[in-house]
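I opened this notebook to keep a record of what I looked up, entry by entry. The sequence and the structure come before the notes.

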Amino acid sequence: MPLDLAPNTRYVITIQELKETSSSGDAWDVLEAIAGTVDAPEDWSSEHDHYLYGTPKKATPDNP
């Protein structure tokens, strides 16, 4: 659907899909549903400080 927006005007636009939530299940069900859905480097768990805080990577046989 086209929008009639004025040029050189600032807008705040929020687009959010509404999904019905299930009242059954618990936190483990939620975690299981989203597990494996985030793209991240293979060494994310062992090098989380590097990716989060920029610290040097730990020395490993693959990374001398």
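**Entry 1: Leu5 and its surroundings**

I began with Leu5, which is partly exposed, its relative accessible area being 43%. I note that the model is a predicted one. I located Leu5 in the segment before H1. I then looked for its nonpolar company on the surface: Leu5 belongs to a nonpolar patch together with Leu3, Tyr11, Ile13 and Ile15. The accessible area of these residues together is about 580 Å².

**Entry 2: Asn8**

I next examined Asn8, which is also placed in the segment before H1. Its phi is near 60 degrees, a positive value in a residue that is not glycine. I asked whether Asn8 is buried or exposed. Its relative accessibility is 85%, so Asn8 counts as exposed.

**Entry 3: The overall inventory**

I counted the secondary structure: the protein has two helices and zero strands. The helices are H1, covering 27-34, and H2, covering 48-53. I looked up how much of the protein is buried and found that buried residues make up 2% of its 64 residues. The exposed area of the protein is about 6800 Å², and 55% of this is supplied by carbon and sulfur atoms.

**Entry 4: Helix H1 and its ends**

I checked H1 for burial. Zero of its eight residues are buried, so H1 lies largely in the open. At the N-terminal end of H1 I found a cap, provided by Asp26. A side-chain oxygen of Asp26 lies 3.1 Å from the backbone nitrogen of Trp28. Just after H1, I recorded a positive phi of about 80 degrees at Gly36.

**Entry 5: The salt bridge**

I asked how many salt bridges the structure holds. The count is one. I identified the partners as Asp43 and Lys57, whose closest N and O atoms are 3.0 Å apart. Asp43 is in the loop between H1 and H2 and Lys57 is in the segment after H2, so the pair ties together parts that are 14 residues apart in sequence. I looked up the accessibility of both partners. Asp43 counts as partly exposed, at 23% relative accessibility, and Lys57 also counts as partly exposed, at 35%.

**Entry 6: Glu47**

I turned last to Glu47, in the loop between H1 and H2. Its relative accessible area is 5%, and because buried means under 20%, Glu47 is buried. I then searched for a charged partner. Side chains of opposite charge can pair when their charged atoms come close. Glu47 nevertheless has no salt bridge. Its nearest side chain of opposite charge is that of Lys58, 5.7 Å away. A salt bridge requires the nitrogen and the carboxyl oxygen to be within 4 Å.

I also listed the contacts of Glu47. Leaving aside residues up to four places away in sequence, Glu47 touches Lys57 and Lys58. For Glu47 and Lys57, ten residues apart along the chain, I noted a separation of 6.4 Å between the C-alpha atoms. Lys57 thus appears twice in my notes: as a residue touched by Glu47 and as the salt-bridge partner of Asp43.

How values were computed
Residues are numbered from 1 along each chain as its sequence is written. This is a predicted model: local features need pLDDT of at least 70, side-chain atom pairs count only at pLDDT 80 or more; totals for chains, interfaces and linings use all residues. Side-chain values use heavy atoms; hydrogens and water are left out. Helices (H or I, at least four residues) and strands (E, at least two) are DSSP runs, numbered from the N terminus. Buried means under 20% relative accessible area, exposed over 50%, partly exposed in between (1.4 Å probe, protein chains only). Lys and Arg count as positive and Asp and Glu as negative; His and the chain ends are not counted. Contact means heavy atoms within 4.5 Å. A polar contact is a pair of N or O atoms within 3.5 Å; within protein, one must be able to donate a hydrogen and the other to accept it, and residues adjacent in sequence count only if both atoms are side-chain atoms. Patches are made of residues with over 30% relative accessible area and no salt bridge: like charges are joined within 9 Å, nonpolar side chains (Val, Leu, Ile, Met, Phe, Trp, Tyr) within 5 Å. Accessible areas come from the Shrake-Rupley method with a 1.4 Å probe; for residues, only the protein chains shown count as cover.
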